[in-house]
Amino acid sequence: MPFLDLPERVREVRERIDAAVARGGRGQAVTIVAVTKTHGPDALQAAWDAGLQDIGENKVQEAVRKMDAVRQPFRWHLIGHLQRNKVKHLDRFHLLHSLDRNELTEAVAASAAKNSTTIDALVQMNVAGEETKGGFTPQQLLREAGRFAAVKGIRIRGVMTMAPFDADERMLRRVFAGARNARELLQEAGNHDATELSMGMSGDYEIAVEEGATCVRLGTVLFGAREK
Ligand SMILES: *Cc1c(COP(=O)(O)O)cnc(C)c1O
């Protein structure tokens, strides 16, 4: 039986999150999104047994394959870059974390209109303006925040960000605070449901929670190192 120690790991992570909420002083509730990318259905079974109901995948095809393979009513989160021609799968997801460009917003809105649905999504922020990452820079968001409030078929639920790979603590706090400011900007522009802050991965989730994360995306700390 793999992932035998998952309940213990979850318990420790929850304790660390609670302590970080207390240090941060914001009193927010924090959802753990269990990132199962590259792992098989056994990881999902273990997650469910350990009380984790939110699953994060970064690739649509891999996520859909797993959705079809499991019985448990997980909430599925798409956390990776989404190609326009795959937006039709979004109705199977609870939340899109990676609304990272206007072109995607348009494609999601068109798909939602076609299916008469509403898609919940987070605006992905590229706070540090890294060339290699998608998402809106703070300057770009200033221009686009109103557009998100006006778009039909997408409900903006908040902001997602990823810190630079090699960020030190000061940089982490700067990036996470930048995402928090972006959420405020969205709210001020009329995105009244923008309450979520998806930030923090295995290496930086405690600082993210101190800075206000309402959702942490955790893979390695729960399931161990990935092979690829
Ligand atoms: C893989 C991934 C994670 C989880 O990373 P870990 O460091 O293993 O916790 C979180 N967010 C995104 C967008 C990812 O692609």
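**Note on a predicted model: salt bridges, ring pairs and helix H4**

1. Ser116 is exposed, because its relative accessibility is 66% and the cut-off for exposed is over 50%. The model is a predicted one, so this value, like those below, is computed from predicted coordinates. Ser116 sits in the loop between H4 and strand E5 (119-125). Its phi is near 50 degrees, a positive value in a residue other than glycine. Why is that worth a look? Most residues other than glycine have a negative phi.

2. Now the helix before that loop. Ser116, with its positive phi of about 50 degrees, comes just after H4. H4 has 14 residues, and at 1.5 Å a residue they should span 20 Å. The end C-alpha atoms of H4 are 20 Å apart, so the span agrees with what is expected.

3. Which residues of H4 are buried? They are Leu104, Thr105, Ala107, Val108, Ala109, Ser111 and Ala112. What do the buried residues of H4 pack against? Their partners are strand E4 (95-99), E5, H5 and E6. Check this in the viewer by starting at Leu104, one of the buried residues.

4. H4 also takes part in a salt bridge. The side chains of Arg147 and Glu106 meet at 3.5 Å, N to O. Arg147 lies in helix H5 (residues 138-150) and Glu106 in helix H4 (residues 102-115), so the pair ties together parts that are 41 residues apart in sequence. Arg147 is partly exposed, because its relative accessible area is 38%. H5 thus appears twice here: it holds Arg147, and it is among the elements that the buried residues of H4 pack against.

5. How many salt bridges are there in total? The count comes to 24. One of them joins Lys66 and Glu57, with N and O 2.8 Å apart. Are these two residues buried or exposed? Lys66 is buried, because its relative accessible area is 7%. Glu57 is buried too, because its relative accessibility is 0%. The cut-off for buried is under 20%.

6. Another salt bridge joins Arg155 and Asp193. Their closest N and O atoms are 3.7 Å apart. The two residues come from distant parts of the chain, 38 residues apart. Arg155 is in strand E6 (residues 154-161). Asp193 is in the loop between helix H6 (169-188) and strand E7 (196-198). Arg155 is partly exposed, with a relative accessible area of 34%. Asp193 is partly exposed as well, at 35%.

7. Some salt bridges share partners. Which residues do they join into one network? The members are Arg23, Glu169, Arg173, Arg180, Glu210 and Glu211.

8. Next, the aromatic rings. The structure holds four aromatic pairs. In one of them, the rings of Phe3 and Phe223 have their centres 5.6 Å apart and their planes at 85 degrees, so the pair is edge-to-face. Phe3 lies in the segment before H1 and Phe223 in helix H8 (residues 220-223), so the pair ties together parts that are 220 residues apart in sequence. Phe223 is buried, because its relative accessibility is 7%.

9. Phe3 deserves a second look. It lies in the segment before helix H1 (6-24). Phe3 counts as buried, because its relative accessibility is 18% and the cut-off is under 20%. Phi of Phe3 is near 60 degrees, a positive value in a residue other than glycine. Positive phi thus turns up in buried Phe3 and in exposed Ser116.

10. A further pair is Trp48 with Phe74. Their ring centres are 5.1 Å apart and their planes stand at 90 degrees, so this pair is edge-to-face. Trp48 is in helix H2 (residues 41-49). Phe74 is in the loop between helix H3 (60-69) and strand E3 (75-78). The pair links distant parts of the chain, 26 residues apart. Trp48 is partly exposed, with a relative accessible area of 26%. Phe74 is buried, because its relative accessibility is 7%.

11. Which residues do the ring pairs link into a cluster? They are Trp48, Phe74 and Trp76.

Conventions
Residues are numbered from 1 along each chain as its sequence is written. This is a predicted model: local features need pLDDT of at least 70, side-chain atom pairs count only at pLDDT 80 or more; totals for chains, interfaces and linings use all residues. Side-chain values use heavy atoms; hydrogens and water are left out. A salt bridge is a side-chain nitrogen of Lys or Arg within 4 Å of a carboxyl oxygen of Asp or Glu. Buried means under 20% relative accessible area, exposed over 50%, partly exposed in between (1.4 Å probe, protein chains only). Helices (H or I, at least four residues) and strands (E, at least two) are DSSP runs, numbered from the N terminus. The expected span of a helix is 1.5 Å times one less than its number of residues. Contact means heavy atoms within 4.5 Å. Rings of Phe, Tyr and Trp (its six-membered ring) pair if their centres lie within 6.5 Å; planes under 30 degrees apart count as stacked, over 60 as edge-to-face and the rest as tilted.
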